[in-house]
Amino acid sequence: MAPLSPMKSLSPALLLAAGLLFASGLHATTDNRRSVRDHGARGDGTVLDTEAVNRAIEAAATAGGGIVDFPAGDYLCHSIRLRSNVTLHLGAGATLIAADPPRPGQTGGYDPAEPNEWNQYQDFGHSHWHNSLIWGEGLENVAIVGPGRIHGRGLSRGNGRISLPVGAPPPSRPDGALADVLAADGEFEFAPRPDLVPGPFNYPNARDTLPDGVGNKAIALKRCRNVTLRDFTVLHGGHFAILATGVDNLTVDNLVIDTNRDGMDIDACNNVRISNCSVNSPWDDGICLKSSHGLGEARLCENVTITNCFLSGFDEGTLLDGTRTRKISHRGGAIGRIKLGTEAGGGFRNIAISNCVFDSCRGIALEQVDGGVLEDVAISNITMRDIVNAPLFIRLGARLRRPGATEPGRVRRILIDNVVASNVSAEHGIIIGGLPGHPVEDVVLTNLHIQFAGGGTAAQAAREVPEYERAYPDPEVFGTMPSWGVFARHVANLRVRGVELRTLAPDARPAVVLDDVTGAFFADFALPAGAGAARWSLRDVSGLRTQEAAGLSDGAQPDTVSQPRR
């Protein structure tokens, strides 16, 4: 009998393991690995390596797939075009650097932004993908793996030709502008586009529309599937360090992102796993789920888990260098949060967020303002420190930035458990806000221990908060709230149990304001010593039950009706 070949002698389990190692890029043969240097890349940080890198990727794709290696070096590039079945491996000591765009009036640079007939429903950054350092569209089985680095040095952050360098203090923000649209790039270096005619939502907008040749994203993916991003670092990533739109089966693991605007935006994606990531994004959101109309359809963002992640709002670059400083300040404070929204026409469903840490940034924001749903969300095991606005913000609004949207959507079935927070800003407290006739439904808050700064005044307690139904949904827009702990308005079936709220300084506002709330239950609800019934403000409340809730007797509370809202 002829001897068995080495492969035939392996057990099925070992064969499977070998196949998985091959697929992941580990121990692959030289036939499916190629170095960008073999295709002409210099890696000296001076000569453009764009063409060499794209040749290496094309060669791998033509061969049926493979791994494109970046050995140690500095690779200066404009747009790199991903291909199916290809992995980019940024080796130890390798840095992929976004080159400067051409000067105004010159040609070349990054790939031009592709046309999009739906760009009136979201800003320029959300509406285009090709004008990026790395981009892919309609691909499958692609990966970018580390341990190297991506440095978006030559990228725009969305409102100018190129952003300020890491560590440069931005100019003062225009009065009335939100941090999300901060003009941190200084004066525009090109004239506004006269051919742009904004739609009903003020998009496309000349202020954030970039000319051909300018790139504004480190990584952009559109309508792809089976994507892995793992083990690398992004510094100074532009408008988005990562923008994934319509991507299914996406794994984002063990990334460190220290950036000048959004960390990662996961837009209208399905089956997403984000884990073990650290995101420092003082000027915009850290990890943000969205469901824009950039694809021309109302597509849900669903089946997403976010776990074991760190979010912060330190000065850009100081997470990576370990100093974690806060020297640059702006109105509203650092952002750096986890958020669902604002673009939300497609909606959100089946979202789990767990084991995350927040430091010197904003809290968790769940926002549905564009007519879709936001439902079946579970959040657990969260720690927060030095939070600059609401630690928890749940909002149903009526901006309705989606074709055919005429009514607010639904926000329902949200469970938040095991949250501890210290030194939380005094202005907002927990905010849960629906609209008249459109309540936020079925919210459960359990096992929260939150320490607020306190110091609120009686004048603030008397403030009437406008509905702001069409406004940008951020606690900053709502201003200082008339309560320091919980503000719930237009809410049905609110359950609160095992919650302790404290203040570092005395606060003259009620701890809790309930306004147009039906079917609420508060149990084992602790407030500072001496906080009596005056710490509760109840208006148009029905079906309220309490059990060991500080300041209220146990049992069913009388329904309350007050003067009409101003």
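Analyst: Quick definition first: a strand is a DSSP run of E with at least two residues, and strands are numbered from the N terminus. Also keep in mind that this is a predicted model.

User: Got it. Between which two strands does Thr-342 sit?

Analyst: Start with the strand that covers residues 338-340, which is β23. The other neighbour covers 348-359. Thr-342 is in the loop between them, so the two strands are β23 and β24.

User: What is the omega of the peptide bond joining Gly-341 and Thr-342?

Analyst: Most peptide bonds are trans. The bond between Gly-341 and Thr-342 is cis. Its omega is about 5 degrees.

User: Which residue is joined to Tyr-203 by a cis peptide bond?

Analyst: Look in the loop between β10 and β11, where Pro-204 lies. Omega is about -5 degrees for the cis bond in question. The partner of Tyr-203 in that bond is Pro-204.

User: Arg-157 is in the loop between β10 and β11 too. Is Arg-157 buried or exposed?

Analyst: The relative accessible area of Arg-157 is 2%. The cut-off for buried is under 20%. So Arg-157 is buried.

User: Which residue offers a backbone oxygen to the side chain of Arg-157?

Analyst: We want a backbone oxygen paired with a polar atom of the Arg-157 side chain. The two atoms lie 3.1 Å apart. That oxygen belongs to Asn-260.

User: What is phi for Asn-276?

Analyst: Most residues other than glycine have a negative phi. Asn-276 is found in the loop between β18 (270-275) and β19 (278-280), and is partly exposed at 35% relative accessible area. Though not a glycine, Asn-276 has a positive phi of about 60 degrees.

User: And where is Asn-308?

Analyst: Asn-308 also has a positive phi, near 55 degrees. At 39% relative accessibility, Asn-308 counts as partly exposed. One strand beside it is β21 (301-307) and the other is β22 (310-312), with Asn-308 in the loop between β21 and β22.

User: How many salt bridges does the structure hold?

Analyst: To count, a side-chain nitrogen of Lys or Arg must be within 4 Å of a carboxyl oxygen of Asp or Glu. Arg-42 and Asp-44 form one, with their closest N and O atoms 3.6 Å apart. For the structure, the count is 30.

User: How far apart in sequence are the parts tied together by Glu-476 and Arg-362?

Analyst: Glu-476 and Arg-362 form a salt bridge with closest N and O atoms 3.6 Å apart. Glu-476 lies in helix α5 (residues 475-478), while Arg-362 is in the loop between β24 and β25 (364-368), so the pair ties together parts whose separation in sequence is 114 residues.

User: What is the relative accessibility of Arg-362?

Analyst: Its partner Glu-476 counts as buried at 18%. Arg-362 counts as buried too, and its value is 1%.

User: Which residues are linked with Arg-362 and Glu-476 in a network of salt bridges?

Analyst: The network includes the acids Asp-285 and Asp-474. It also takes in Arg-337 and Lys-339. Besides Arg-362 and Glu-476, then, the names are Asp-285, Arg-337, Lys-339 and Asp-474.

User: How far apart are the closest N and O atoms of Glu-500 and Arg-502?

Analyst: Glu-500 is partly exposed at 23%, and Arg-502 is partly exposed at 26%. These two residues form a salt bridge, and the distance between their closest N and O atoms is 2.6 Å.

Definitions and conventions. Residues numbered from 1 in each chain as written. Predicted model: local features only at pLDDT ≥ 70, side-chain atom pairs only at ≥ 80, totals over all residues. Heavy atoms only, no water. Helix = DSSP H or I, 4+ residues; strand = E, 2+ residues; numbered from the N terminus. Buried < 20%, exposed > 50% of the residue type's maximum accessible area, 1.4 Å probe, protein only. Polar contact = N/O pair within 3.5 Å; in protein donor to acceptor, adjacent residues only side chain to side chain.
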